[in-house]
Amino acid sequence: SKRISELIVQGFHEQSLKNNKTIFLMVRFGNVLNSSGSVIPLFRDQIKNGGPITLTHENMVRYFMSISEAVQLVIQAVFLTNGGEIFLLDMGEPMKIKDLAIQMINLSGLSVKNDENINGDIEIKCTGLRQGEKLFEELLIDGNSKKTENPLIFVGVEKSIPFDELLSKLNKLEKALLNLNQQESFIILADLVPEWNIYDIK
């Protein structure tokens, strides 16, 4: 869904070039600490309520940056754009979600409750990966990415779809979704994003 959103923004940029009105660009980055979608508020509430902290998998890793870092790099990307680019932010090294949970427990003045410490305060429970959830987050910056003046900002090399063709496919996708046709929806999604692995289609 994120890649399709990028295709739509790329399409609007293509249309905008015809009248030189608006410059569109995209910035792609990982998780932002303490944002509305972050695990930190969830873990904080779970610790406050005495636990347990729930993880889907103990080996799950994600990339993180602070809100201020993300905002500053997004603003800087605006000054680097010629329009239509997908900027990628260098997120540094990934972090285990379990390690983040342990740090939050310790910073709260509490200890982890486990087999080695049965008198601990907060237990960490693994609930299992949800359907479609990834254990390892994909690297944002690959060998095809291009450097910019800022060492923490790269430009991704991604294909776009001509605007009229994109609109036609999105209209077909909307009809398939309204008709609750999962098979057809997946086929159209795979056509829009060929690199997507459709392992759920049967």
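**Nonpolar cores, a surface patch and aromatic pairs**

In this predicted model, residue V78 is placed in helix α3, which spans residues 67-80. V78 has a relative accessible area of 46% and is therefore classed as partly exposed, given that this class lies between the limits of 20% and 50%. Together with I67, V71, I75 and F79, V78 makes a nonpolar surface patch of about 500 Å².

In the interior, the largest nonpolar core comprises 15 residues, and those with the most contacts inside this core are F43, I53, L55, I97, M104, I105 and I124. At least two residues of this core are supplied by each of four elements, namely α2 (39-48), β3 (53-55), α4 (97-107) and β9 (122-126), and the largest share, 5 residues, comes from α4. When residues up to four places away in sequence are not counted, I124 touches I53, L55, A101, I102, I105, V112 and K113. A second core, separate from the one described above, contains 11 residues, among them V32, A70, F87 and L89.

With regard to the aromatic side chains, a pair of rings is described in general by the distance of the centres and the angle of the planes. Under the criterion that ring centres lie within 6.5 Å, the count of aromatic pairs comes to 2. Ring pairs link F12, F24 and F163 into a cluster.

How values were computed:
Residues are numbered from 1 along each chain as its sequence is written. This is a predicted model: local features need pLDDT of at least 70, side-chain atom pairs count only at pLDDT 80 or more; totals for chains, interfaces and linings use all residues. Side-chain values use heavy atoms; hydrogens and water are left out. A nonpolar core is a set of buried Ala, Val, Leu, Ile, Met, Phe, Trp, Tyr and Cys residues joined through side-chain atoms within 4.5 Å. Buried means under 20% relative accessible area, exposed over 50%, partly exposed in between (1.4 Å probe, protein chains only). Contact means heavy atoms within 4.5 Å. Patches are made of residues with over 30% relative accessible area and no salt bridge: like charges are joined within 9 Å, nonpolar side chains (Val, Leu, Ile, Met, Phe, Trp, Tyr) within 5 Å. Accessible areas come from the Shrake-Rupley method with a 1.4 Å probe; for residues, only the protein chains shown count as cover. A salt bridge is a side-chain nitrogen of Lys or Arg within 4 Å of a carboxyl oxygen of Asp or Glu. Rings of Phe, Tyr and Trp (its six-membered ring) pair if their centres lie within 6.5 Å; planes under 30 degrees apart count as stacked, over 60 as edge-to-face and the rest as tilted.
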